[in-house]
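Student: I'd like to learn how to read a protein structure, and I don't know where to begin. Could we look at one together?

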Amino acid sequence: MLEDLKAPVATAEDDSLDTDDSKQVLGREPKVKYEPAKNGVTVVDIENSGSGFAGLGKEELMKIANQPFWVRLRWTLFILFWLSWIGMIAGAIGIIVITPKCSPRPVWQKYPVYQVFSKSYQDTDFTSRPNGQSSGIGDLEGIRQRIPYLVDLGVKTIGLSVIFPSPMKDVGYDISDFMQVGEEYGTLDEFDRMVKEAKERGLSVVLDFVPNHSSEDHEWFQKSINKTDPFTDYYIWNDGVDVDGQRTPPNNWECRYSAHNPSQIKSTENGDYEVEKEVDVATKTGECGSAWTWNEERQQYYFHQFAQEEPDLNLRNPAVVEEMKKVARFWLDRGIAGLRVNAAPFLFESEALENEIDLPNGQLSNNHTFNLPEVYAFLLQIREVLDDYSSKDGMERILMTEGYVDLDDLAKYYKNNGEMIAQMPMNLGFTEVTDSDMTGNKLQQFISAYLEKLLPESMWPNWVLGNHDRSRVATRVGENLSDSMNMIAMLLPGTPINYYGEEIGMEDSPDSKFIDRGNRNGFRTPMQWSNETNAGFSEVEPWLAVNGNYPNVNVAAQDAASESHLKVYRELVKIREMASAQYGEISFPYVDEEIFSFVRNKSGNPGLLVAVNLGDSNRFINFSGNGLPETLTLKLKNVGGTPDISVGSTVSSTNVTIPAKNGFVFSY
Ligand code: GLC
């Protein structure tokens, strides 16, 4: 039985054993006797084990423990223990500190820039209008009222086109007062209110800045004609040359917009006027004629890169540069976040006035009138003005520039001779893409060449899909591919710069009321908000007719629809927030004439694959073997995309079916 098992038990006296006793105890062999089982009970007798405890006593232990050797050992271990802890913590902190981090992107990098063509965005009958009525022209109050829409869209930077007083010979780019708001757009107070409210909702405003020219109606030009100082040399004047007794312009330089020659203007039945023939905006076809126009009063020619109603400012005159800086400060003081410099390559011409060379294609070379090095020096001064503001309040002011230049020159707009100039020299390559000439290979070559140019300086890329000078992207590439173009521009490294209406697939309007210089009205028609009268743009007849497709193509309808361009756009803004879209490397897993695809991948994060079929037949592509896993998950497809695969479902990367004119965004 268990109770018969007699085990020795240490008693209190045992504890008090002196050292000798304990030695005895330690030296004794315990004797164990077994008695054979009786009636199933085995007795075990451990002899002399009454003294029990066989370890060191407390005092003995303390004595040993206090020996210098043990004390030193203890301290050494104690210190080593804590040192290794501190070392580990310091190491962990060190790793965190030295690991390259993804610094948070400024908003102009993280979110799309949205270009508003002020005259066509939203008309209101705000009571400050001269007659308190809608005018058929978009205004600042209208833009203010649409801020919630922009917030919802997910854009954070509004690129605001011209809002200045203008005789409208170049739809507002002929400015007659740089420091005022045109009556039709509203008032300075309304401007302030719009900017303030935008700021409160997390949006900033980058304003158009036109230092190349003014309107002929500008006070400076009028005073310059009269040689009233200091305005005498505010513009570029020349006596011309005498050729066989005939006064002629000093050289063969040509302008870009033909004059509104009255003989070319016909009245239409409804009382509007129409210009029969115009030249294209960016080409010199020789139809514009001389860039020098004779002024009777001053008895001199003045120079104009664009229309004759737009005399070029003389930016070689330091007083004019000071004036333009003053203009910049005027608007910066009113809270704008940056400037978009228009027509930047046209700012300077050669002082020696050499003739341009006649090229075999009938055009002129533009060595003496286009993108001279002085352009960068001028822009640098404007950047310095912006930087002054940024350094005061820590809010970065942005310089954007507009110019159709080659990639080498575009890179110089970022940084020239070691000086930082623009944060966003607009990359206008995509504004020229059309369905007929777009191939996967061409897209990849253009994108790679551009990114490689910027890479050495780690400059921030941008992608402009459209603007007020170019046919709308949905018209150029077709409705389906317009979603794909948004996928591409949104998910490439850099900032997409969208033109109003691109988010709903707005197209060029064929029926515009009159023909503008360069025939650009078709892509400046009113924003299509709803299927109400005038697409919800205005209560009265708009300055340009609304595109006839507005009953179907409008914000309200696309908001309500289960799938729409608007929803694709909003989703893309969200996808852009993913680490791979913001910080990921780019690679091109499969590209040919019809297929364009790219991957964005930031290690440790879900990656993205954008795959577009530009061709007319379905394609089956094996994307595997490019660091892509076996399975891809569909995140987004274009409107009207194939019903065969739904968002959220998975496909094998070895065989992805991409129907004709379809685009997909996959994650993995
Ligand atoms: C800029 C504008 C364009 C204008 C031109 C001349 O390029 O974008 O619309 O016509 O300058 O003012």
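Tutor: Sure! Keep in mind that this is a predicted model. Let's begin with one residue: F191 is buried, with a relative accessible area of 0%.

Student: What makes a residue count as buried?

Tutor: The cut-off is a relative accessible area under 20%. F191, at 0%, is buried because its value falls under that cut-off. W331 is buried too, with a relative accessible area of 1%.

Student: Which aromatic pair do F191 and W331 form, stacked or edge-to-face?

Tutor: Look at the distance between ring centres and the angle between planes. The structure holds 35 aromatic pairs. In the pair of F191 and W331, the centres are 4.9 Å apart and the planes are at 70°, which is edge-to-face. This pair also links distant parts of the chain: F191 belongs to helix α8 (residues 188-200) and W331 to helix α10 (residues 318-333), 140 residues apart.

Student: Where can I find another pair like that?

Tutor: Try F346 and F370, an edge-to-face pair with 5.2 Å centre to centre and 75° between the planes. Both sit in the loop between β13 (338-341) and α11, 24 residues apart. F346 and F370 are both buried. Aromatic residues can gather in a group as well: Y114, Y121, Y149, Y499, Y500 and W529 form one aromatic cluster.

Student: Back to W331. Which residues is W331 in contact with, apart from its close neighbours in sequence?

Tutor: Leaving aside neighbours within four places in sequence, W331 touches I163, F164, F178, M179, Q180, V181, L188, F191, L207 and I336. The wider setting is the largest nonpolar core, which has 130 residues; W331 and I488 touch the most other members. Helix α11 (residues 374-393) gives the most to this core, with 9 residues. Apart from it lies another core, of 14 residues, including I621, L628, L632 and F664.

Student: How do I read a helix that has a buried side?

Tutor: Start with the general idea. An α-helix has 3.6 residues a turn, so residues three or four places apart point the same way. Now take helix α13 (residues 440-454). Its buried residues are G440, L443, I447, S448, Y450, L451 and L454. Seen down the axis of α13, they fall within an arc of 165°, so they line one face of the helix.

Student: And what does the face of α13 turned away from the buried side carry?

Tutor: That face has the exposed residues Q445 and E452. On the buried side, the cover includes α12 (407-414), β18 (462-464), α15 (479-491), β20 (585-587) and β21 (595-601).

Student: How can I check the length of α13?

Tutor: Count 1.5 Å a residue. The 15 residues of α13 should span 21 Å, because the rise is counted over one less than the number of residues. The end C-alpha atoms of α13 are 21 Å apart, which agrees.

Student: Can we try a strand residue?

Tutor: T157 lies in strand β4 (residues 157-160). T157 is buried, with a relative accessible area of 3%. Beyond its neighbours within four places in sequence, T157 is in contact with W108, P112, V113, Y114, S204 and V206. Y114 is also one of the residues in the aromatic cluster.

Student: How about the whole chain: how many helices and strands are there?

Tutor: The chain has 18 helices and 27 strands. Of its 668 residues, 51% count as buried. For contacts with a separation of 6 or more, 69% come from residues 24 or more positions apart.

Note on methods
Residues numbered from 1 in each chain as written. Predicted model: local features only at pLDDT ≥ 70, side-chain atom pairs only at ≥ 80, totals over all residues. Heavy atoms only, no water. Helix = DSSP H or I, 4+ residues; strand = E, 2+ residues; numbered from the N terminus. Buried < 20%, exposed > 50% of the residue type's maximum accessible area, 1.4 Å probe, protein only. Contact = heavy atoms within 4.5 Å. Core = buried A, V, L, I, M, F, W, Y, C linked by side-chain atoms within 4.5 Å. Arc of directions from axis to C-beta. Phe/Tyr/Trp six-rings, centres within 6.5 Å; stacked < 30°, edge-to-face > 60°.
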